[in-house]
Amino acid sequence: MPARSDFFDRVWKVVSEIPLGKVTTYGHIAEFLGSKSAARTVGWALRAAKGSGLPCHRVVNRYGGLSGQSSFGGPYVMEDILRSEGIEFIEEGILDIKKHLWIPGGETK
DNA sequence: CACCTGACAAATT
DNA sequence: TAATTTGCCAGGT
């Protein structure tokens, strides 16, 4: 497998653990990985994971904004998927992060 | 081989 | 309070 790196692999794993209807932020993932400031690397991993079947649309920035729209494939792709999963949007491109925030390791429960 | 870029965030000035 | 800088990791040029 995948060479990439432990960091990437961990990011993919965490993201794949996100329950449907929930979202998480780069900062929380990075923090879970051990480096809270590695949010950049998290986004980097998602970008590399594009096409790997990873639900990267469930990962947003700390404002709940869909940061990776441009890299995802379309400006309305992520939003449409998130809405289909039960995510409430405050406005176009911005979801209610405080209502659907999920924390890695927090368990689905 | 060295520098720059890139889906961010938090701290400091 | 806002603006700027640093930290993080890997990939591309």
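Me: How do you know which residues of the surface near DNA strand C are nonpolar, polar or charged?

Reply: This is a predicted model, by the way. The tally for the surface near DNA strand C is 3 nonpolar, 4 polar and 1 charged residues. Names next: Ser5, Phe7, Phe8, Ser35, Ser37, Arg40, Thr41 and Trp44 are the residues around this strand. Phe and Trp count as nonpolar and Arg as charged, so Phe7, Phe8 and Trp44 fill the nonpolar class and Arg40 the charged one. Ser and Thr fall among the others, so Ser5, Ser35, Ser37 and Thr41 are the polar ones.

Me: What makes Arg40 a polar contact of DNA strand C?

Reply: An N or O atom in the Arg40 side chain sits 3.0 Å from a base oxygen of DNA strand C. The cut-off is 3.5 Å, so the pair qualifies.

Me: And why do Thr41 and Trp44 count too?

Reply: Thr41 has a polar side-chain atom 2.9 Å from a sugar or linking oxygen of the strand, while Trp44 places one 3.4 Å from a base nitrogen. Both values fall within 3.5 Å, so both pairs count. As for elements, helix H1 (6–16) and H3 each give two or more residues to this surface, with H3 giving the most, 3 residues.

Me: What part of DNA strand C do the atoms within 4 Å of the protein belong to?

Reply: Sugar or phosphate for 54% of them, bases for the rest.

Me: OK, over to DNA strand B. Which residues are closest to it?

Reply: Arg40, Gly43, Leu46, Arg62 and Gly68, out of 14 residues that surround the strand. By class, the surface splits into 5 nonpolar, 5 polar and 4 charged. Of the strand's atoms within 4 Å of the protein, 48% are sugar or phosphate and the rest are bases.

Me: Why are Gly43, Arg47 and Gly68 called polar contacts of DNA strand B?

Reply: In each case a polar backbone atom pairs with a base nitrogen of the strand: Gly43 at 2.6 Å, Arg47 at 2.8 Å and Gly68 at 3.2 Å. Set those against 3.5 Å and each value is within the limit, so they are polar contacts. The elements giving two or more residues here are helix H2 (26–33) and helix H3 (39–49).

Me: Which element has the largest share of the surface near DNA strand B?

Reply: H3, with 6 residues.

Terms used: Residues are numbered from 1 along each chain as its sequence is written. Chains are lettered from A and ligands numbered from 1 in the order in which they are written. This is a predicted model: local features need pLDDT of at least 70, side-chain atom pairs count only at pLDDT 80 or more; totals for chains, interfaces and linings use all residues. Side-chain values use heavy atoms; hydrogens and water are left out. A residue is near a molecule or strand if one of its heavy atoms lies within 4 Å of it. A polar contact is a pair of N or O atoms within 3.5 Å; within protein, one must be able to donate a hydrogen and the other to accept it, and residues adjacent in sequence count only if both atoms are side-chain atoms. Helices (H or I, at least four residues) and strands (E, at least two) are DSSP runs, numbered from the N terminus.
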